[in-house]
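Biologist: I have a structure to go through before the group meeting. Could you take me through it, beginning with how its contacts are counted?

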Amino acid sequence: MNTFVTLSLGQKMPMVGLGTWKSSPGQVKQAVLTALECGYRHIDCAAAYGNEQEVGQALTLWVGPGKALQREEVFVTSKLWNTKHNPEDVEEACKASLDHLGLSYLDLYLMHWPMAFQRGKELMPRNDDGSICYSDTHYEDTWKAMECLVDKGLVKAIGLSNFNARQIDDIISMANHRPVVNQVECHPYLSQTDLLSYCRSVGICLTAYSPLGSGDRPWATSEEPNLLEDHRLGVIAEKYQKTPAQVVLRWHIQRGVVCIPKSVTPSRIQQNLKVFDFSLSQEDMKLMEFFNHNKRFIVPTVERNGKRVWRDAEHPHFPFHDPY
């Protein structure tokens, strides 16, 4: 089994990368150093995570002329945040990420969401009533500006995140540089089977964020199921003498899905990469398909009239009204 996928432009993207969302400054530098030391060659970042400078400090120690790794040996992704969708802001935002990461180019640059927020320095620009200030910049216009980054050599490839199939079609229909990746929430409780099969059909690689179900998400409630504690998963893990997390990551890999588990714990960072020395049987793969109940954990919610609702459901480009 390959430890990487070949993207539509020919780049090799390692199938397991280190996710850095929710890794607090102070922890993320050490996590990246640990990951590089135990063999990770794929680091997933984003401007909105607020920790790219620390990721950059770790990369500087390991990567470059005279260092342990050459730049081309490490695959680095970053993402354009919603407040930077105005075409005039795209290059500056990309260069800010490059500057923080200490790199001269990115292997992959993703549009973090199809939804634009009001331009400016605020990550979450708000109206007086606390709701988010949206912008009507269309993702197709943002994409055109991202294509210029490829032409200028600032990024090797561009892609999408949190886009539905219809929105991906919109991009493909006008793109000079086609998206190579769509990065979405994906785990056995949200198996994304339809989106995965659509992405395959148009030559786009699916990357799973929160591939282990994000049990540490700040807004998790005790009533919500915790994937890694699922009894059915425990039974499968025991059979292979692996951890539940390793079984889930192996499930992704056998579906051809790249995954970016986040951890700051050295032992877990190491374990998450040890998923290429076993295979799940077809029966167990099928069994895990039954875990799915289309449960999204990573959509910002707010309280309205005593109910939890999706915060951005009113945005004209909110992606999750479509079935996939």
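Modeller: A contact here means heavy atoms within 4.5 Å. The model is a predicted one. Of the contacts in the protein with a separation of 6 or more, 73% are between residues 24 or more positions apart.

Biologist: How many helices and strands does the protein have?

Modeller: There are ten helices and twelve strands. The radius of gyration is 19 Å, close to the 20 Å that the globule rule gives for 324 residues, so the protein is as compact as a globular protein of that length.

Biologist: And what does the C-alpha trace span along its principal axes?

Modeller: The span is about 60 × 55 × 40 Å.

Biologist: What share of the residues count as buried, and what about the accessible surface?

Modeller: Of the 324 residues, 55% count as buried. The accessible surface comes to about 14400 Å², and 49% of that belongs to carbon and sulfur atoms.

Biologist: How far apart are the mean positions of the positive and negative charges?

Modeller: They are 4 Å apart, taken over 34 positive and 38 negative charges.

Biologist: Let us turn to single residues. Where is Val76, and is it buried or exposed?

Modeller: Val76 is in strand β5, which covers residues 75-80. Its relative accessibility is 1%, and buried means under 20%, so Val76 counts as buried.

Biologist: Which residues does Val76 touch, leaving out those up to four places away in sequence?

Modeller: Val76 touches Ile43, Cys45, Leu59, Arg71, Leu101, Leu103, Leu106, Asp107 and Leu108.

Biologist: How far is Val76 from Ser197 in space?

Modeller: The C-alpha atoms of Val76 and Ser197 are 25 Å apart, with their positions 121 residues apart in sequence.

Biologist: Asp107 was in that list for Val76. What does the side chain of Gln11 reach on Asp107?

Modeller: The side chain of Gln11 reaches the backbone oxygen of Asp107 at 2.9 Å. Gln11 is in the loop between β1 (4-6) and β2 (12-14), and at 15% relative accessibility Gln11 counts as buried.

Biologist: What else is Gln11 in contact with, apart from its neighbours within four places in sequence?

Modeller: Besides Asp107, Gln11 is in contact with Val5, Thr6, Phe75, Lys156 and Ala157.

Biologist: On to the backbone. What is phi of Gln192, and what of Ser210?

Modeller: Phi of Gln192 is near 55°, a positive value in a residue other than glycine. Ser210 also has a positive phi, near 45°, and is likewise a residue other than glycine.

Biologist: Where do Gln192 and Ser210 lie?

Modeller: Gln192 lies in the loop between β8 (181-185) and α6 (193-201). Ser210 lies in the loop between β9 (205-209) and α7 (231-240).

Biologist: Are Gln192 and Ser210 buried or exposed?

Modeller: Gln192 is buried, with a relative accessible area of 9%. Ser210 counts as buried as well, at 10% relative accessibility.

Biologist: Which residues does Ile298 touch beyond those up to four places away in sequence?

Modeller: Ile298 touches Ser210, which we have just discussed, along with Trp21, Trp113, Glu185, Tyr209, Ser214, Arg217 and Trp219. Ile298 is in the loop between α10 (282-289) and β11 (301-304). Its relative accessibility is 7%, so Ile298 counts as buried.

Biologist: And what separates the C-alpha atoms of Ile298 and Arg178?

Modeller: The separation is 26 Å, for two residues 120 apart along the chain.

Biologist: Trp113 is among the residues that Ile298 touches. Which residues is Phe320 in contact with, its neighbours within four places left aside?

Modeller: Trp113 is one of them, and the others are Asn162, Arg296, Val299 and Trp310. Phe320 is in the segment after β12, and at 11% relative accessibility Phe320 counts as buried.

Biologist: How far is Phe320 from Gly130?

Modeller: From C-alpha to C-alpha, Phe320 and Gly130 are 22 Å apart in space and 190 residues apart in sequence.

Biologist: One last residue. What polar contact does the side chain of Asp322 make?

Modeller: The side chain of Asp322 makes a polar contact with the side chain of Arg166, at 2.9 Å. Asp322 lies in the segment after β12 (307-310). Residues up to four places away in sequence aside, Asp322 touches Asn164 and Arg166.

Key. Residues are numbered from 1 along each chain as its sequence is written. This is a predicted model: local features need pLDDT of at least 70, side-chain atom pairs count only at pLDDT 80 or more; totals for chains, interfaces and linings use all residues. Side-chain values use heavy atoms; hydrogens and water are left out. Helices (H or I, at least four residues) and strands (E, at least two) are DSSP runs, numbered from the N terminus. The radius of gyration is taken over C-alpha atoms; the globule rule is 2.2 Å times the number of residues to the power 0.38. Buried means under 20% relative accessible area, exposed over 50%, partly exposed in between (1.4 Å probe, protein chains only). Accessible areas come from the Shrake-Rupley method with a 1.4 Å probe; for residues, only the protein chains shown count as cover. Lys and Arg count as positive and Asp and Glu as negative; His and the chain ends are not counted. The place of a charge is taken as NZ of Lys, CZ of Arg, CG of Asp or CD of Glu. A polar contact is a pair of N or O atoms within 3.5 Å; within protein, one must be able to donate a hydrogen and the other to accept it, and residues adjacent in sequence count only if both atoms are side-chain atoms.
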